[in-house]
Amino acid sequence: MNHRRGGTVTDALRSFHLDDRPRSAEPAGLASYLRWWSTPGVSIAIIDDGSPATTWCAGVRDSNTEQPVDPSTLFQAGSISKSVAAACALRLVAESVIGLDDDIHDRLRSWRLPHNDGWLPHITLRQLLSHTAGLTVHGFPGYPAGQRVPTLPEVLDGVGNTPPVFVTTMPGLQFSYSGGGYCVMQQLLVDMTEMPFAELAYELVLDPAGMTDSTYEQPLPRDRDDAAASGHRFGGRPVSGRWHTYPEQAAAGLWTTPSDLATFFVAIRHSRAGRPDALLPQELAEQMATPYASNVPYGLGLQLGPDDKPPSIGHSGSDEGFRADAVLHDTGQGAVIMTNSDVGGELITEVIRPALVDHLGWPTPATDASRSSTAGSHVLAGRYRAEQGTIELSACGDDLELRALGQPPVRLVRDGDRRWRCVTLRLDATFPDLRTVVLHQHAQYVDDVTATRVD
């Protein structure tokens, strides 16, 4: 069943094809949002009716060069690398090189999982792929340009910038996200095949799936530098050396484009449908999309849609200076969004996903007519008291003016249902009801401030 409300999925992006307007204008151009979220560039691949449909790009690859993002621009995929790496492992399962439930200790040669006071648990490939092996190390920061890049066994032993990988919870009991587990899986595949992981991934998945612009090579070959986006910090400052190098290839090392990732997720969809020329056998593809723990809906390298949402597969990704997100619903609608900024995730969740929601089958929250979704600036104006002090909101035409703690006023403009956004600071004001305002500042270690109306 098609859950779209009308038109084509690309209609959702047309509102971005506007002149650059001030934030008080509705709707705002995407260029304004890119500046607001300190994100130089974005690339979006649309999946429509189960097929890659189009790629739409905006902004620049590097804030210093102003070279525009185009459909062939490479981004670091972060943890979306795990989805493609899991498919590599499953290709070897399909070829009977290893079984999903075989003990990995029988096949590892270049590195051994350390004992816990003489206790060594059984660990399987299925557990590694589903984050149920109980292993340590959530994620990896990579290695800046000029730093020595350790080998993968050294990473696993903690000789690098992350702790060693070892079992910390009972394997098989529950989901516990571990990039370290995917490093163990990477070493397992390398030991079994005696091939570098980047070559293995090309042979098993990238080439068969038609991911022509993608590579797990780390560091990125110099002849591909010009095709790659640079990572950026908050405020738009490029990452030193443009990006980090990730020896943790299976966990975080894929360089790719949104269109290549869209092609990959469609290939998994075709595999689940049992197409004869599919990337994976149907049974394995279905196992890839089956949750293996009760606490988190995660399959074999795939994030799965929660029970209260339409069924979907996908993954999110975060490397230093890059944020990405991919989803493909069972309806055949989906998108892959890649950005070159540490705060690109907020651009994805706050701007791009809502713009696509009607066309991707994502549910929209029910609205309560008694709430302030239609309340104008004059209705919301007044004095509010928080634990930190008094907050005053004044009507300024259709906008609001915020005064807090004796600071000069800042302007707020309406930005969606019950939310107003500051045009000067990275601050949002949300009104759960007509007598409450919640101030949210987009910065680390900062809590929301809730204030209640007193006049």
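# A walk from the cavity outward

About 30 Å³ of space lies in the largest cavity, and that is where we'll start our tour of this predicted model. Rolling a probe the size of a water molecule over the atoms shows where empty space is left. Searching the whole structure this way turns up one cavity of 30 Å³ or more. Who lines it? The residues around the largest cavity are Gln 127, Leu 128, His 131, Thr 132, Ala 133, Gly 134, Leu 135, Ser 176, Ser 178 and Gly 181.

Let's stop at one of those lining residues, His 131. You'll find His 131 in the loop between helix H3 (125-129) and H4. Is His 131 buried or exposed? Its relative accessibility is 2%, so His 131 counts as buried. The backbone has a little surprise here too: His 131 isn't a glycine, yet its phi is positive, at about 60°.

Keep going along that loop and you meet another case. Val 137 also lies in the loop between H3 and H4, and Val 137 has a positive phi of about 70° although it is not a glycine. With a relative accessible area of 12%, Val 137 is buried, because anything under 20% gets that label.

Gly 134, another residue lining the cavity, gives us a handy bridge to a new part of the chain. The C-alpha atoms of Gly 134 and Thr 169 are separated by 4.5 Å, although the two residues are 35 apart along the chain. Thr 169 is found in the loop between H4 and H5. A relative accessible area of 32% makes Thr 169 partly exposed.

Now follow that loop to the surface. Leu 173 has its place in the loop between helix H4 (152-156) and helix H5 (179-193), and at 63% relative accessibility Leu 173 counts as exposed. Together with Trp 119 and Met 170, Leu 173 makes a nonpolar surface patch of about 350 Å².

Further along the chain there's a backbone feature to look for. Gln 218 and Pro 219 are joined by a cis peptide bond, with omega at about 0°. Pro 219 lies in the loop between helix H6 (197-209) and helix H7 (249-252).

Time to look at charges. Side chains of opposite charge can pair when their charged atoms come close. How many salt bridges does the structure hold? There are 15 salt bridges in the structure. One of them brings together the side chains of Asp 225 and Arg 222, with 3.3 Å from N to O. The two partners sit in rather unlike surroundings: Asp 225 is buried, with a relative accessible area of 16%, whereas Arg 222 is exposed, at 71%.

Another salt bridge pairs the side chains of Asp 330 and Arg 272, at 3.7 Å from N to O. Asp 330 belongs to the loop between strand S7 (322-329) and strand S8 (334-339), while Arg 272 belongs to helix H8 (residues 258-272), so this pair ties together parts that are 58 residues apart in sequence. Asp 330 is partly exposed, with a relative accessible area of 39%.

Strand S7 takes part in a pairing as well. Asp 325 forms a salt bridge with Arg 353, and their closest N and O atoms are 2.6 Å apart. Since Asp 325 lies in strand S7 and Arg 353 in helix H10 (residues 344-360), the pair ties together parts that are 28 residues apart in sequence. Asp 325 counts as buried at 10% relative accessibility, and Arg 353 counts as partly exposed at 28%. Salt bridges can also join up into a group: Arg 233, Glu 320, Arg 323 and Asp 342 are linked in a network of them.

We finish with helix H8, the home of Arg 272. At 1.5 Å a residue, its 15 residues should span 21 Å, and the end C-alpha atoms are indeed 21 Å apart, which agrees. Why can we call H8 largely enclosed by the rest of the structure? It is because 11 of its 15 residues are buried. Among the buried ones are Leu 261, Phe 264, Phe 265, Val 266 and Ile 268, along with polar or charged company such as Asp 260, His 270 and Ser 271. Just after H8, Gly 274 takes a positive phi of about 80°.

Definitions and conventions: Residues numbered from 1 in each chain as written. Heavy atoms only, no water. Salt bridge = Lys/Arg side-chain N within 4 Å of Asp/Glu carboxyl O. Buried < 20%, exposed > 50% of the residue type's maximum accessible area, 1.4 Å probe, protein only. Helix = DSSP H or I, 4+ residues; strand = E, 2+ residues; numbered from the N terminus. Expected span 1.5 Å × (residues − 1). Patch = residues over 30% accessible without salt bridge, like charges linked within 9 Å, V, L, I, M, F, W, Y side chains within 5 Å. Areas by Shrake-Rupley, 256 points an atom, 1.4 Å probe, with all protein chains shown as cover. 1 Å grid on protein atoms, 1.4 Å probe; cavity = no way out; pocket = protein on both sides within 12 Å on 5 of 7 lines; lining within 4 Å. Points joined across faces, edges and corners; volume = space filled by probe spheres on them.
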